[in-house]
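Hi,

Here is the structure I promised to pass on to you. Have a look at it first, and then read my notes below.

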Amino acid sequence: MFKSFFIFLISSICFCSTLLYAQNIVTGTVKDASGAAIPGVSIRLKGTTQGATTNPDGRFSVAAKAGDILQFSSVGFQSKEVTVGSSTVLDVTLETGQEALAEVVVVGSRASQRSVVDSPLPVDILSATELKSTGQPTFDKTLQYRVPSFNTVNTPVNDATTLLDPWEIRNMGPSRTLILINGKRKNLSSLLYVQFSPGRGETGVDLSAIPNQAIKRVEILRDGASAQYGSDAIAGVMNIILKDKYDFTTLDVNTGVTSKGDGGMFNFSLNSGSNIGGKGFVNYTIDFLQQNSAVRSGIVHEPTEIATFGGDAASNALIRAYLKDYPTANNINGTGETTAGRFLINGGINLNDNHQLYGNAALVAKRVSSFANFRTPYWRQDRGLLHSVTDNGGKNYLTQATLAFPTEDNVEMYRGYIGYVPTFEGDLIDYNATVGAKGETNGWRHDVSLTTGFNSQTYSVDNTVNRTLGKASPTRFKPGGYQFRHLVGNIDISKQVSDKLGIAFGMEARSEAYTIIAGDEKSYEGEGSNSFPGLNKLNAGTNQRFNIGGYVDLSYDITKDFLVNATFRTEKYSDFGPANVWKLSSRYKFNDDKVVLRGSFSTGFRAPSLHQIYAQSIQAAFVGGTIQLSGLFNNRSAQARLLGIPSLKPEQSTNLSLGLGFNPNRNLSISLDYFSIGVKDRIVYSSSISSSDPTSTLGSILSQAGVRTAQFFINGIETKTSGLDYVFSYRNLEVGKGKMGINFAGNFMLQNEILGTPAEPAAIKAANSSILNTQIKSLLTESRPMYKSILGFDYAVGKWNINLNNTLFGKTAFQDLDNGGGDMENIKAEFKPAVVTDLSVGYSFSKKVSMTVNVNNLLNVLPKWDLVALNAKGEAAIAKPEDKALLRGFLGFSGRYDILGYNGSQFSQLGTMFNANLNIKF
């Protein structure tokens, strides 16, 4: 027995020694060409799923044996394979990647691949680490605090806008920036923004549908690119690159809450995948988000409320009594509740050394809920509603004269009635998918792909009534919804013909369809469901169009420092015909490539969206404290023809860009870019057009349609937008035992204005009305920050990572409609500049477990605004405190939106938010 045990012991020792030798721990440092450490480099043992990542000092350790091949990759550097030798110490140097930082689809020329420094156009690159450090739960809010020219903000009383907030780049609206996923066009949302907020009258891609954890990097081309990509690329292009090669499975658990204890957030995200025998990969992300509502209702200003709803002594007394008991008038204004499930997959497989099949797909299901304004008893009394009567000690806020349905019932039956609040629910489905093949044959690169996309939104409103139906009214309605889908085919071919000449050409065919889904009949009959009338079946249906386009692109290096690039594109749309655009760009490098001069000039276009052409509905809007029905009539309707409104045509644009880049060493980069964008025939969603004369052409059209006001889309204005983008970045600055990175970036608007006078149809002129009133002009020109700068510090030492970001939001303003006394024409609300500070602290417990704590808006800064006089009349209007308070109340609907203004707030109104992230790799 002892002999057997001895043999077993010796065998075990030999086996363990062999195993120990086979699993040597290889350590080392990864640096760039200048000797600076590179953090975050992915290291993978070829042919396996094993790997590691370099720490903030560029160091790594990985289990490997002699003869194994380690693959090193990082954004901005060329990938590298290194064979493990007999030594267990391995130091690696990575070279700057020509294609890693600027793929063909973004840098402005499809003819040749160039790095950011080589590009003739300004390009921003955001890594996954930079996105994560913001601590924001959604991709659109992440960009708000990383990209100076990007702006978005929550709006109160959101209705359908709860599903996604309007966003824009360079104050150009959400429809003038093209969004790509891995270089392929992403489908638009089916939602058309109709609220009085920035982005009004437009649609855009639902950026919040893309989970941060699925993103490898984001590339933003800050220049017009219609010649390369067609419609929508007037302000620029955003290309979202998905995670590809599988390194390890990552589980992220995020949770957070505001400093007031509401707005609780929970987010679970799993990123995983597999490498297919060294020939391909599959990478997928499963993400779940629960975001609770946060309430920031303002205190109602009693004098404004009386001026709006009162008039006689009895009514005024009732309003005072009600607001004494309910200072916010029971409003639930703020951010809505969101529940979202998101799934995304990206894959590719090599057919041989030169050809690959690839594909990606994403599916998002989202449900949101929010509240309309509370219907106080002195505003509306709708009998028979559920949840509308509360005891409240038997107090009486009504008189017989104020009842909506006066009957033999006496007012005593309304004791305890405090009103009701309609609720809004929205359901969204969004998906996109691409399949394609790409490769290279005899120097010709080719890429053929097919992309599909779909967005659907359907709505429900509850605890409300259709007053037209009286006691027969239900309390829950299905007002209908919208759908948008597209199918896109692309063929792109390019070749570097010589060291100097590159050529590319290709074509795109796209089919689009927009559907209006009718609501249930009782939601649109008569007045319709209160707070959100349904979509009439007469307006429902599907409309489609088809377009085909082609481009040719030439890139020529006159010398190794002097590049010129030219692109021409032609398209034909089935609904409005052809469009031809072109672009010229150039870049000159000198002083050993440390200084770069760049510039471009291009023409562009934006096709009117199908939403803008065919949308038709009845909307409920606040006018003078009451709800009035307003009709949106499309350009092909009988009403539009009677008013003399022409069919929509494409917007035409010109884009000039001039820039200077300075890169004295690997760690320091400075750039300054000027841009100027002119848009002719810009499509606008008109003012609410009304007429006091029912016998006029306009008055009779409104009467026949059963609405008080009308709105429509028209190629009505010409705009000019210009400004400066600046970036300063210094990294690997040694501070103590750690290293610091400093980033300063900003956007400053020099001009954002409407040129000339709007194109007014004759019937509207005759009614002394305008398609572009003061309110709409203000939204277009001054509702986004005049300037925005981000100063960030990133510090890494040992196992700690600390990020401190300060975002300066410049002033915004909003000028409202006249209140009847002419005062609003002489004053405006101005939101004051403010700095929002975000702090992120991360700690790595091990190579596989780390935790990050974020405090967003550390100093609890809230948007602040005040009334500003535009002239002597304005100064007189706000000279007395009580008069100023009254006008301020009118701008904030009696103070309900004093914090949450629809129209000019530059950043979130929720104040300080805390959140934590636990990251586990396995």
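**What I found**

Strands β22 and β23 make a hairpin with 2 residues between them, and N442 in the turn has a positive phi of about 55°. Before you go further, keep in mind that this is a predicted model.

Back to that hairpin: β22 (residues 423-441) and β23 (residues 444-462) run antiparallel and are joined by 19 bridges. To see one pair, find K438, which sits opposite D447 in β23. On to the next strand: β23 is also antiparallel to β24 (residues 476-496), with 18 bridges between the two. There, L450 has G489 in β24 as its bridge partner.

Next, an open sheet. It has 5 strands with mixed pairing, in the order β8-β13-β14-β11-β12. Which strands stand at the edges? They are β8 (123-127) and β12 (184-185), and each has a single partner strand, so one side of each is left without a neighbour in the sheet. For β8 that partner is β13 (residues 215-221), which runs antiparallel to β8 and is joined to it by 5 bridges. Look for S127, which faces R217 in β13.

Then there's the inside. The largest nonpolar core has 52 residues, and F139, L207, M238 and I240 have the most contacts inside it. If we skip neighbours within four places in sequence, M238 is in contact with residues including F139, L143, F150, I169 and L207. A second core, separate from that one, has 20 residues, among them I645, L698, V707 and I771.

Happy exploring!

Key
Residues numbered from 1 in each chain as written. Predicted model: local features only at pLDDT ≥ 70, side-chain atom pairs only at ≥ 80, totals over all residues. Heavy atoms only, no water. Core = buried A, V, L, I, M, F, W, Y, C linked by side-chain atoms within 4.5 Å. Buried < 20%, exposed > 50% of the residue type's maximum accessible area, 1.4 Å probe, protein only. Contact = heavy atoms within 4.5 Å. Pairing = 2+ DSSP bridges. Helix = DSSP H or I, 4+ residues; strand = E, 2+ residues; numbered from the N terminus.
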